[in-house]
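Reader: Please take a close look at one part of this model and set it in the context of the whole chain. I would like the helix packing described, with the cut-offs for each term.

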Amino acid sequence: MSVAVQLGIIVGYLFIALLIGVLAYRVAERTAEDFYLASRTFGTVVLLFTTFATLLSAFTFFAGPNVAYAEGPEWVLVMGLMDGIIFAILWYLIGYKQWLLGQQHEYVTLGEMLGDRFASRRLRGLVAGVSLLWLFPYVMLQQVGAGTALEALTEGAVPYAVGAGLITLFMILYVVVAGMRGIAWTDTLQGAFMLVTTWLAMVWVLAVVGGPSVATGALEAEAAHHLALGSDHYTPQWMLSTAITIGFGVAMFPQVNQRFFAAGSRTVLKRSFALWPILCVLLFVPSFMLGAWARGLDVSIAEGENVLPAMLAEFTPTWFAALVIAGAMAAMMSSSDSMLLSGSSYFTRDLYRPYLEMDLSERREDLIARVGVVLFATGAFVASLYNPATLFELGDAAFSGFAQLALPVLVALYWRRTTRAGITAGIAVSQVFYLSSLFTAVVPSTYGGWTAGLVGMGVGLLVTVVVSLVTSPAADERRAIYFEGLRAD
């Protein structure tokens, strides 16, 4: 099959998504709240699948299988089981309370909620700044994934920069036109499509090689240690650290966190988090097992390439491989479009409005938000051309960076004694600690096998509590009224 046909399948799928965005634009209201949150009207299926598809990213379909190929299938336990359960619990502990507050005070962003709770423009800006800092490399991850996937699928006919540029162009067009409503509609389609094609890919490959027992036997012959629980890489400390930081990090991702505000009712929210772990297992098992089995099936992986496209190219027809890669591209787009929308809302609501133009009108905010999408996506694309790190490194850094926000936020939602100084110090110190572990030798990256991301979370929690205990609440901080509202049932 020619490169033109392969690209036609991929571009055609992306144009279907764009058409859905246009339809959503025609029924959307021209308000910032509708652009950001679809007027808080999501039902169970849409909320579940838009959250699901938002996390279907290059990290899941390329980085995860790459780790399974190199280290073994225990990655399924980290992402598919432990992380799914942890996030489902946080969906209830954080998401439900955020939903209650969003209904009462019409919050759109996490920074807006915390800034109002502690009457602090500085805290609001800090949360937005930290979120944008970690969002940027994760948007880059999608563009790096798209570029490398298209380059591998077309055997170099489509260069890396062209592939990354293609996904960036569609992201910009789609988000500017669609807003949250169109994103959610397309996410539902993309989530279902990717689940089906990934399972079909696994069944197809197993049928060609002779079944799961043959694939597993080949893996055992090539790398028997991959089938033993625990290894030099998959230590208990590493697995727990990774599962916890990813689970808590996901809860603080702007594109996920904002969906807590968008649920149409508390019933919708509760049903969605209860179903979440099931969807995680259904997604991660086939994609990560394909990565692990590839090790024993003599699939050749060049330096810097991803295992999933190579596995499909080896054992499935070209048209099917192109279709699955189109789904993976759609998955990257479904993550990136939500990230761009959330990044735009954090910039507009928490930085531009409070610091530059407080009397911003709804129409003007809507326009600035769309312009912000273009600027953010273009900046991430330019940075992605340098391809500074592997997909796993980019994704892992972003998850752990966002995880540093989680415990101070959780404390603020449940502990009335939390003070403005306490939560601000907790967020700032944990961020400095984790950044120092990435870029300096002063702070170690591991502590007896536990990652700096997890240790940083503990530092943030400790600082938040201690500083709150030794400082007094400011007179303008919300207390009784704020927490009474959280008790609504």
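Author: The account below starts with the chain as a whole, turns to helix 3 and its surroundings, and ends with another helix pair and two loop residues.

This is a predicted model, in which local features need pLDDT of at least 70 and side-chain atom pairs count only at pLDDT 80 or more, while totals for chains, interfaces and linings use all residues. Residues are numbered from 1 along each chain as its sequence is written, and side-chain values use heavy atoms, with hydrogens and water left out.

The protein chain has 20 helices and two strands; these are DSSP runs numbered from the N terminus, helices being H or I of at least four residues and strands E of at least two. Of the 489 residues in the chain, 59% are buried, where buried means under 20% relative accessible area, exposed over 50% and partly exposed in between, with a 1.4 Å probe and protein chains only. The chain exposes about 17600 Å², and carbon and sulfur atoms supply 67% of that area; accessible areas come from the Shrake-Rupley method with a 1.4 Å probe, and for residues only the protein chains shown count as cover. Among contacts between residues at least 6 apart in sequence, 86% join residues at least 24 apart, a contact being heavy atoms within 4.5 Å.

Helix 3 covers residues 44–54, and nine of its 11 residues are buried. The buried ones are T44, L47, L48, F49, T50, T51, F52, A53 and T54.

Two packed helices are described by the angle between their axes and the distance between the axes. For helix 3 and helix 8 (residues 160–209), the axes come within 8 Å and cross at roughly 70 degrees. Axes here are lines fitted to C-alpha atoms, for helices over the stretch in contact, and angles run from 0 to 180 degrees between N-to-C directions. Helix 3 and helix 8 are therefore roughly perpendicular to each other; angles under 35 degrees count as roughly parallel, over 145 as roughly antiparallel, 65 to 115 as roughly perpendicular and the rest as oblique. The crossing is left-handed, meaning that the near helix is turned anticlockwise from the far one by less than a right angle, with clockwise giving right-handed. Helix 3 contributes V45, V46, F49, T50, F52, A53 and T54 to the contact, and helix 8 contributes I183, A184, D187, T188, G191, A192 and L195. By class, this contact has nine nonpolar, four polar and one charged residues. Ala, Val, Leu, Ile, Met, Phe, Trp, Tyr, Cys and Pro count as nonpolar, Asp, Glu, Lys and Arg as charged, and the others, Gly among them, as polar.

T54 is also a contact of Q255, along with L135, S338, M339 and S342, leaving aside neighbours of Q255 within four places in sequence. Q255 sits in helix 11 (residues 254–257) and counts as buried because its relative accessibility is 0%.

Another pair is helix 18 (residues 420–439) and helix 19 (residues 452–470), whose axes come within 7 Å and cross at roughly 155 degrees. That angle makes helix 18 roughly antiparallel to helix 19. Their crossing is right-handed.

Two loop residues remain. E106, between helix 5 (75–105) and helix 6 (110–117), has a positive phi near 60 degrees and is exposed at 53% relative accessible area. D298, in the loop between helix 13 (266–296) and helix 14 (307–315), also has a positive phi near 60 degrees and counts as exposed at 64% relative accessibility.
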